[in-house]
Amino acid sequence: MPRWLPRAVILVLALIACFQLGSWAFHQLTGLLINILIAFFLALAVEPAVSRMAARGMRRGLATFLVFLGVFVAGAGFVVLLGSMLAGQIVDMVEGFPRYLDSVIAAINSTFHTKLSRLEIQDSLLHSDWLQKYVQNSATGVLDVSATVLGGLFRLLTVGLFSFYFAADGPRLRRALCSVLPPAKQSEVLRAWEIAVAKTGGYLYSRGLMALVSGLAHYVVFAVLDVPYAPALAVWVGLVSQFIPTIGTYLAGALPMLIAFPASPWYALYVLGFVVIYQQFENYVLQPKLTSRTVDIHPAVAFGSVIAGTALLGAVGALIAIPAVATLQAFLGAYVKRYELTERAAGEAATSSRSRPRLRRGTLPGPR
């Protein structure tokens, strides 16, 4: 047996063991790594505001605290306002449920000539086996729900702490990172950091403007239709439709339709029609003008990045996909060598961008 064979076998086994250990550690730390990634993008989003306040003489830690305090107060106020609105609506629906049930039972009796009674239906439901099993399963699932809520609160606290440290110690973190790199790489790291800050902040800025315009437009419609809780619903539609990609518009429009339906089914239909029309206006008029100055990404690339981010990291990946792709595109664009177009390529580009003239009715293009 060659002398190198035992050493080679030991080396291979050691490499396999290190790989297995690293894979196990990575899977165990996936949640923490995702929280750190979310915190990093949040720190990039608040970096412009913190740097502007620090440039005026305020301590960076205090500036970061004030920015996060403002975000927390705004988020808590929105949640409280939305919670009170939903609580009131649920109470109204519960109080009016017997009346709705009586009208449905009366319609069934008149149509099918039956003799159903609400009291009999309630008594049969209360004494049914499936309801008792559902209550037992719900009682045993209270602990799971409590653990999920506590886990979510702990995750929010972790993200908040990491994002605060990233934003407050941003210059120190950049200096520490650059100190282990050669001078040629330091400028590249700083350039990538600046691009990430600009793209992330620009993305949130454009989304905030579109949320404001969407909220004002929907508030006018809700006020005209006399929909209850019009201000809160307008804020809900503006935020959810902009900050939840792909399905945010449908989630945002479902709640106003649900609240407007008890007043009149036609009002719910009007709300649906306005949501659809405004979405088209936003996609083809408002969004291209705003995102062209902040996050210049082709719509197909943005849609594909959202799908890829959702497949990789779920809802978190969908939220950070667009600023991440915009940062990568801007950073790589500085290193891609571009050439002048040839005469044929320039002619093809001009032909494809120029619209074809319309033909008059009754005329056909003939040979020249």
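Modeller: The largest cavity of this predicted model has a volume of about 70 Å³, and in all the structure holds two cavities of 30 Å³ or more.

Biologist: What makes this space a cavity and not a pocket?

Modeller: The name depends on access, because a cavity is a set of points where a 1.4 Å probe fits but cannot get out, whereas a pocket is an open set. The space of about 70 Å³ is listed as a cavity, and therefore a probe placed there has no way out.

Biologist: Which residues line the largest cavity, and which elements give two or more residues to that lining?

Modeller: The lining consists of S214, H218, V237, S241, Q242, T249, A252, G253, V275, Y278, Q279 and E282. The elements that supply two or more of these residues are α8, α9, α10 (248-260) and α11 (265-294), with α11 giving the most, four residues.

Biologist: How do you know how the lining of the largest cavity divides by class?

Modeller: The count is four nonpolar, seven polar and one charged. E282 is among the lining residues and falls in the charged class because Glu is counted there, while G253 is polar because Gly is placed in that class.

Biologist: What lines the second largest cavity, and which helix provides the largest share?

Modeller: That cavity, with a volume of about 30 Å³, is lined by F40, A43, L44, E47, F166 and W193, and α2 contributes the largest share, four residues. By class its lining has five nonpolar residues, no polar ones and one charged residue.

Biologist: Why is α2 called roughly perpendicular to α8?

Modeller: The axes of α2 (30-55) and α8 come within 8 Å and cross at roughly 80°. Since roughly perpendicular covers angles from 65 to 115 degrees, α2 is therefore roughly perpendicular to α8. On the α2 side the contact is made by F40, F41, L44, A45, E47 and P48, and on the α8 side by W193, A196, V197, T200 and L204; these divide into nine nonpolar, one polar and one charged. F40, L44, E47 and W193 thus take part in this contact and also in the lining of the second largest cavity.

Biologist: What makes α7 and α8 roughly antiparallel?

Modeller: Helix α7 (residues 170-178) packs against helix α8 (residues 183-224) at an angle of about 150°, with the two axes 10 Å apart. Angles over 145 degrees count as roughly antiparallel, and so the pair earns that description. The crossing itself is right-handed, and it brings L173, R174, L177 and C178 of α7 against Q186, V189, L190 and W193 of α8. Six of the residues in this contact are nonpolar, one is polar and one is charged.

Biologist: How do you know which way α9 runs against α10?

Modeller: Here the angle is about 165°, with the axes 7 Å apart, which again lies over the 145 degree limit and therefore makes α9 roughly antiparallel to α10. The two helices form a right-handed crossing, in which L233, W236, V237, V240 and S241 of α9 meet G248, T249, L251, A252, L255, P256 and I259 of α10. That contact comprises nine nonpolar residues, three polar ones and no charged ones.

Biologist: What is known about the largest pocket: how much space lies in it, and how many residues line it?

Modeller: About 2,300 Å³ of space lies in the largest pocket, and its lining has 45 residues, with L42, V71, G75, L156 and L319 lying nearest the centre. Helices that each supply at least two lining residues include α3 (60-112), α6 (142-168), α12 (299-313) and α13 (315-333), and α3 gives the most, 12 residues.

Biologist: What class does most of that lining belong to?

Modeller: The nonpolar class accounts for 36 of the residues, beside eight polar and one charged. L42, V71, L156 and L319, from the group nearest the centre, are counted as nonpolar because Leu and Val belong to that class, whereas G75 is polar because Gly is assigned there.

Note on methods:
Residues are numbered from 1 along each chain as its sequence is written. This is a predicted model: local features need pLDDT of at least 70, side-chain atom pairs count only at pLDDT 80 or more; totals for chains, interfaces and linings use all residues. Side-chain values use heavy atoms; hydrogens and water are left out. Axes are lines fitted to C-alpha atoms, for helices over the stretch in contact, and angles run from 0 to 180 degrees between N-to-C directions. Angles under 35 degrees count as roughly parallel, over 145 as roughly antiparallel, 65 to 115 as roughly perpendicular and the rest as oblique. A crossing is left-handed if the near helix is turned anticlockwise from the far one by less than a right angle, and right-handed if clockwise. Contact means heavy atoms within 4.5 Å. On a 1 Å grid over the protein atoms alone, a cavity is a set of points where a 1.4 Å probe fits but cannot get out, and a pocket is an open set with protein on both sides within 12 Å along at least five of seven lines; lining residues have an atom within 4 Å of a point. Grid points are joined across faces, edges and corners, and a volume is the space filled by probe spheres set on the points.
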